[in-house]
Amino acid sequence: MGPEKRRGLWWCEAKALWGGACGCVERSLRRGGAWVGVEKRNPPRPEADPGKCRGASVLIMDPECSRLLPALCAVLADPRQPVADDTCLEKLLDWFKTVTETESSLQLLQDHPCLVELLSHVLKPQDVSPRVLSFALRLAGAFAAQEDCFQYLQQGDLLLGLFGEAGALGWSAWSIPSVRSGWIQGLCALAHHPSALHFLADSGAVDTVFSLQGDPSLFVASAASQLLVYILALSMQGRDAGSPIPEVAAWPVCAQKIVSHVQESLHSTAAPQVTQALNVLTTTFGRCRSPWMEVLWGQLSPLVASLLKRDPIPAAHSLVDLLLSVARLGSWDAAGWRGWESPVLSSAACGPWEILAQTLHRLSPTQAGPLALGTLKLQRCPQELRTQAFGILLQPLACILKATAQAPGPPGKSYHLASGLLDGTAGGSMTVDTLLSSKSACVGLLCQTLAHLEELQTLPQCPSPWPQEPLLDAAVIILRLCDGSADPSSSGAGRLCGTLAGCIRVQRAALDFLGTLSQGMSPQESMLQVFAILLKNLESPESSPTVLKKAFQATLRWLQSSVKTSGCSDLSPDALLFLGELFPVLQKRLCSPCWEVRDSALEFLTHLSQHWGGQADFREELQSSEVPMLACQLLQDPESYVRASAVAATGQLFSRGLQATPTSSENLQAQQGLLMDLMYILSTDSEGFPRRAVLQVFTQWLRDGHADVARDTEWFVTTVLQAVSRDLDWEVRVQGLELVQVFLTQTLGRFRPRCPYAVTLPEATSPTPHPEFLRTLCRLPLFEFVFRALFDCDRPVAQKACDLLLFLRDETAPSSGPQETRDGPNSASVEVALQRWQEGEQGQPLGDLEPEAMLALLRSLDLEGLQGKLAKSSDHIEKSPQSLLQDMLATVGMLEENEADCY
């Protein structure tokens, strides 16, 4: 196998494609009389036949594949031959499936009897490897999906031997999960017509699927449940067209067997069997949208409701999923959704809303939370049920407020807030028991509750009015319980303090929730309370790096909220006072021995500068601290992530004029040398993250017209491109091309005419380039950088370079067609460099370019064609069925030494 094939990137193809592009250049230049073409040593490689490429619109069984198939089938049937890996078999199966979509499966088997021989050989599974057996089962199912081919395979009882109950269960390979999975997938593939349904009912295959629901392999068990749903839907297909839906007893045999099995499982006292039945029903109601679903629910809803009378309730999580799936479905007719109006569905005993209400009441707080959230997300739901669900979500926080209410004396604010949250709800005692029962139960319930309420607030179905102030108080109290600053005024509060003290998981959840609450309107008193708890978390030496990161994120959101509250873009006075206390804490965190903390602090500083770097009061607070100086020092941090964040932070500070205030000539020199420091990082840093960050900062500086960049833009661009052209990180090279794009756009804007009547004068928008603009491009190494990127072995780089050259050609090449170019001393050397680049010798310099030569080159390249080629996958030429068959045959006997190249 050749080295080009092994590279796995678009590079191999690019050389062939570029041969055609260079030939186009040579022919055009010969016509212009300027350059003498250099004869290529190797002709361009012909394009692959698109009909043979994977991904073409039509895939046919071509003669070469037909010739290779018998040998491949013989290899697959021979247990002594090591076959290619599973990936090759998957690709082979995909190809056969695509062929059967466009051709007759029956004709395919008749033209290639080796395929039938392979399937017949599989009936002796002891002579076949498990992976080939699984492949053959799925292949047989793909062929049998067409009814005439199904009948053809049934003639010799081939399908019965492969999928019948007597055949499959007797195989020694049946103990291997991949074989059982292949058996299920094969059955699912063939179940597409009435003959298949009769086969499933008579062969005992459905009973085998029932047993596989409890398979030890979760993948097999899940596939078995989904297959039952598919068979049920297929059995009922075509029974919705206007005629009344019969009772379950009159349904097709397969459908009756499945429903009976579900009923038996729901009656079972074994929780796994109940879970299996509920999972089948959940998938059925989630995927099917047909009137017969009403009949199914009417038959099974009493059994589902009876599960609530058991103690404990079996399979509670699966029951929640089913009820929500049913509630989302509703009742359907020809006009669409008409709600739960059917007499069967709206009855007091079986109606989904009544069962939902009963379930919310019966489940434990931890189990009821997901059901309550799902109920509140429903588009159509009775208001009484919504109130009940919202009360269940609020119960844990209300209990926290009640437990920490001040005592003795008259009830305090927390008590009244808790009472407000609990109005109209029930089950508070069960919630308190859960909170106080164990640490794991308490932590799990609180984290779940906070996450559910956080999600709920951002949804259109968010309840109104939203209890903003009580929820804020609850979040703050939970954080105080975690950091030990809460006053344990009762025995319950004392136990909560002991349970939650130092609990990082609850702290993270509470900080996330607190950040989300910033979207609501809060009184000034509450905002001050929030700022105080955030500051305490940020300055506490006990706060973990993840808690600090969450605290920084919540702080930023509340600072933004204070801006909205004040009605202008500037920070409020309270927020500025908070910042005065925050910057000393930020200084401390920038000096933390933990790199994650330093990184989070730098990210927070960057966001602060982006939002309020132009506000005078903010600038004064920041520059009076040592934060800018510490950020600059972190450019030499030993951790690459921190260096990257320091680059972003100092770049943002520098662009806003917020760099460290010089106190001596040495500091002044350091301030003026930030540009050179970043250049040094770009050229020498061993990690990619800081170099990428430098390019992003430089691109933004160029876009914003930063003073140090605008002072000598050509030197700046040249220096950056010299460093980027040697960089091994493809993301750095792509970012370098983005910088070139910004430079070109800005330079073009300076040379375009600024006539106020340009809209009415066509010549004002003529694509004829300005001579000085062309000379600028040729003077810089810009064109060579972009052209070299076009040969990059990383496809994203080549794509970006191609797009950039298209932009440059459209902006510079006249629309009147090719122009004659004059002879130049650099013409021959440039073409020689092109040829060497095509052959991989990219060390050859391109040489100086004259504007005329550059324009001729841009006009001659088939950039649109190359852009289309680059948009394809990196292996689309070699991804042909013929290549796959050849590779699989080539690996026979050599698998241990050389794994198959599956592209």
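**Salt bridges, helix packing and loop features**

The side chains of Lys549 and Glu603 form a salt bridge, with N and O 3.1 Å apart. The model described here is predicted. Lys549 belongs to helix α29, residues 545–566, and Glu603 belongs to helix α31, residues 595–612, so the salt bridge ties together parts that are 54 residues apart in sequence. Lys549 is partly exposed, at a relative accessible area of 31%. Glu603 is also partly exposed, with a relative accessibility of 31%.

Side chains of opposite charge can pair when their charged atoms come close. In this model, the count comes to 23 salt bridges. Another of them joins Lys800 to Glu738. Here the closest N and O atoms are 2.9 Å apart. This pair, too, links distant parts of the chain. Lys800 sits in helix α43, residues 795–812, and Glu738 sits in helix α40, residues 730–751. The two residues are 62 residues apart. Glu738 has a relative accessibility of 24% and counts as partly exposed.

Helix α43 also holds Arg809. The side chain of Arg809 meets that of Glu864 in a salt bridge, at 2.4 Å from N to O. Glu864 lies in helix α46, residues 863–870, and the partners are 55 residues apart. Once again, distant parts of the chain are linked. Is Arg809 buried or exposed? Arg809 has a relative accessible area of 14%; buried means under 20%, so Arg809 is buried. Its partner Glu864 is partly exposed, with a relative accessibility of 40%. Salt bridges can also share partners, as happens for Arg692, Asp729 and Glu731, which are joined into one network.

Attention now turns to the helices. Helix α36 covers residues 674–684. Which residues of this helix are buried? They are Leu674, Leu675, Leu678, Met679, Ile681 and Leu682. Seen down the axis of α36, these buried residues fall within an arc of 160°. They therefore line one face of the helix.

Helix α19 spans residues 352–362, and helix α21 spans residues 383–403. The two pack at an angle of about 20°. Their axes are 11 Å apart. Angles under 35 degrees count as roughly parallel, so α19 and α21 are roughly parallel to each other. Their crossing is left-handed. Which residues meet where these helices pack? From α19 come Trp353, Leu356, Ala357, Leu360 and His361. From α21 come Leu385, Gln388, Ala389 and Ile392.

Ser225 offers a view of a single position within a helix. This residue lies in helix α14, residues 218–235. Ser225 is buried, with a relative accessible area of 10%. Neighbours within four places in sequence can be left aside. Ser225 is then in contact with Gln213 and Val280.

Several loop residues were also examined. Asp311 and Pro312 are joined by a cis peptide bond, with omega at about 5°. Pro312 is placed in the loop between α17, residues 292–306, and α18, residues 316–329. The loop between α17 and α18 also contains Ala315. What is the sign of phi at Ala315? Phi is positive there, at about 50°, although Ala315 is not a glycine. Ala315 is buried, with a relative accessible area of 17%.

A cis peptide bond also joins Ser464 and Pro465. Its omega is about 5°. Pro465 is found in the loop between α24, residues 439–457, and α25, residues 468–483.

Gly705 occupies the loop between α37, residues 688–704, and α38, residues 707–710. Gly705 is partly exposed, with a relative accessible area of 46%. Along the chain, Gly705 and Gln746 are 41 residues apart. In space, their C-alpha atoms are separated by 9.6 Å.

How values were computed. Residues numbered from 1 in each chain as written. Predicted model: local features only at pLDDT ≥ 70, side-chain atom pairs only at ≥ 80, totals over all residues. Heavy atoms only, no water. Salt bridge = Lys/Arg side-chain N within 4 Å of Asp/Glu carboxyl O. Helix = DSSP H or I, 4+ residues; strand = E, 2+ residues; numbered from the N terminus. Buried < 20%, exposed > 50% of the residue type's maximum accessible area, 1.4 Å probe, protein only. Arc of directions from axis to C-beta. Axes fitted to C-alpha atoms, helices over the stretch in contact; angles between N-to-C directions. Parallel < 35°, antiparallel > 145°, perpendicular 65-115°, else oblique. Left-handed = near helix turned anticlockwise from the far one by under 90°. Contact = heavy atoms within 4.5 Å.
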